[in-house]
Amino acid sequence: MIVVTGATGNIGRVLVRRLLAEGAAVRALTRDPARAGLPAEAETVRADLTGADALEPLLAGAEALFLNLAAGGDHAAAALTEAAVRAGVRRIVLNSSMAVTDTPDDDAHHIARLHAGLERAVRDSGLEWTFVRGGNYATNALAWAPAIRTSGVVRDAHPDARGVPVHEADLADVAATALLDRSGAHLGQAYLVTGPAELTVAQQVAEIGRATGKETRVEQISEEAAAEAMAGPHFPKEAALELVRMFGRTVDAPAFPVSDAVEQITGRPARTFAQWARDHAADFS
Ligand SMILES: NC(=O)c1ccc[n+]([C@@H]2O[C@H](COP(=O)([O-])OP(=O)(O)OC[C@H]3O[C@@H](n4cnc5c(N)ncnc54)[C@H](OP(=O)(O)O)[C@@H]3O)[C@@H](O)[C@H]2O)c1
């Protein structure tokens with residue numbers, strides 16, 4: 001039995017299907033099973049990981065856990081890690097972040113600190129672990145969907161900021177491989193998982209235009225305005241500003257690291273952003 005946190009999320013939803021297709025038993029955690037729309041073959045269980053629910057019963061009989069910080073935050077994920085030890089889970093595959101570099105920089109900003117802290121908790125648990133250090137997610141582009149649907153104009157502080165957007169299906173495939181592996185090849189590994197090529201924000205917006213047949217363009221706005229738009233109840237404006245500035249630094253930075261981890265681990269090349277845009281054309285139409 002494999003327990004998947006964030007099972008209705010971008011990665012989790014694909015991962016549940018992938019694990020089921022491989023013949024694994026899956027327990028999918030969600031705050032609302034009735035609305036989850038997960039396959040009937042999965043055992044879909046109600047769990048609010050920030051609430052008062054007991055954690056151990058969620059893990060009873062499980063061999064492995066896919067842990068996503070998005071499912072309730074870092075404290076919830078650390079508590080679930082401790083519960084996994086008590087419940088006799090053997091392996092954790094952690095959805096971490098490429099922001100973690102194993103250098104003192106990991107203390108320098110919010111996102112790296114959060115993920116590095118959780119990686120420490122998982123390492124210290126004594127369980128088998130694999131870290132999927134993904135970034136930047138192609139699904140971040142979904143934030144442009146309302147703008148593209150209504151006007152085709154995306155407002156961004158750094159149209160020439162670069163990234164190597166990774167498809168959620170590739171993150172799920174890497175995680176599934178590590179969860180199901182019997183050879184031990186992925187234990188104690190922290191994988192940098194990126195898309196196959198570097199693209200600017202403007203190039204990504206153009207790809208979405210091609211996939212949808214819409215006219216799209218990017219209009220530059222201030223860093224402050226971009227941070228304001230990005231901040232939310234779980235993402236303070238200061239952290240958003242930090243992130244916007246970090247993206248800004250990619251404009252003139254040396255080429256982004258493009259990892260071949262997807263191909264090495266799954267045996268298949270990473271999906272392109274053009275593919276992602278086609279897969280998500282309906283989200284922008
Ligand atoms: N964006 C990037 O570029 C990037 C880069 C590197 C790493 N990351 C990491 O990846 C994460 C996002 O992964 P994702 O895109 O797959 O996530 P996602 O689509 O945001 O999904 C997260 C899921 O967590 C569940 N959830 C939320 N609060 C919960 C709670 N209190 N208890 C239980 N479940 C809860 C939700 O399911 P229900 O509503 O069904 O409960 C939701 O579907 C980030 O948080 C970050 O840690 C992101």
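**Aromatic pairs, ligand shell and selected residues**

In this predicted model, W129 and F131 are both buried. The cut-off behind this statement is a relative accessible area under 20%. A search for aromatic pairs over the whole structure returned 3 of them. In the pair made by W129 and F131, the ring centres are 4.1 Å apart and the planes meet at 15°, so this pair is classed as stacked. The reasoning rests on the limit for stacking, which is set at planes under 30 degrees apart. In general, the distance of the centres and the angle of the planes are the two quantities that describe a pair of aromatic rings.

A stacked pair is also formed by F273 and W276, with 5.3 Å from centre to centre and 25° between the planes. Both of these residues belong to helix α12, which covers residues 273-279. Within this helix F273 and W276 are 3 residues apart, or about one turn. F273 is buried, and W276 is buried as well. Ring pairs also bring in F284, and F273, W276 and F284 are thereby linked into a cluster.

F131 appears again in the surroundings of E119, a residue of helix α5. When residues up to four places away in sequence are not counted, E119 touches F131, L94, S96, V100, D102 and R133. With a relative accessible area of 1%, E119 is below the 20% limit and is therefore buried. The side chain of E119 is joined to that of S96 by a polar contact of 2.7 Å.

D102, one of the residues touched by E119, is located in the loop between β5 and α5, the latter spanning residues 110-124. For most residues other than glycine, phi is negative. D102 is not a glycine, yet its phi is positive, at about 60°.

The ligand is surrounded by 25 residues, of which T8, T30, R31, H115 and N140 are the closest. In H115, a polar side-chain atom is placed 2.7 Å from an oxygen atom of the ligand. For N10, the polar atom concerned belongs to the backbone, and its distance from a ligand oxygen is 2.8 Å. In the case of N68, an N or O atom of the side chain is 3.2 Å from an oxygen atom of the ligand. On its own the ligand has 950 Å² of accessible area, and 77% of this is covered by the protein. Two or more residues of the shell come from each of the elements α1 (10-21) and β5 (91-97). The largest share is that of β5, which gives 3 residues. By type, the shell holds 16 polar, 7 nonpolar and 2 charged residues.

V3 is part of strand β1, which runs over residues 2-4. The relative accessible area of V3 is 0%, and V3 is therefore buried under the 20% limit. Setting aside neighbours within four places in sequence, V3 has contacts with R27, L29, L58, L59, A62, A64, L65 and F66. V3 and I92 are separated by 89 residues in sequence, while their C-alpha atoms are 9.6 Å apart in space.

Notes: Residues are numbered from 1 along each chain as its sequence is written. This is a predicted model: local features need pLDDT of at least 70, side-chain atom pairs count only at pLDDT 80 or more; totals for chains, interfaces and linings use all residues. Side-chain values use heavy atoms; hydrogens and water are left out. A residue is near a molecule or strand if one of its heavy atoms lies within 4 Å of it. A polar contact is a pair of N or O atoms within 3.5 Å; within protein, one must be able to donate a hydrogen and the other to accept it, and residues adjacent in sequence count only if both atoms are side-chain atoms. Accessible areas come from the Shrake-Rupley method with a 1.4 Å probe; for residues, only the protein chains shown count as cover. Helices (H or I, at least four residues) and strands (E, at least two) are DSSP runs, numbered from the N terminus. Ala, Val, Leu, Ile, Met, Phe, Trp, Tyr, Cys and Pro count as nonpolar, Asp, Glu, Lys and Arg as charged, and the others, Gly among them, as polar. Buried means under 20% relative accessible area, exposed over 50%, partly exposed in between (1.4 Å probe, protein chains only). Contact means heavy atoms within 4.5 Å. Rings of Phe, Tyr and Trp (its six-membered ring) pair if their centres lie within 6.5 Å; planes under 30 degrees apart count as stacked, over 60 as edge-to-face and the rest as tilted.
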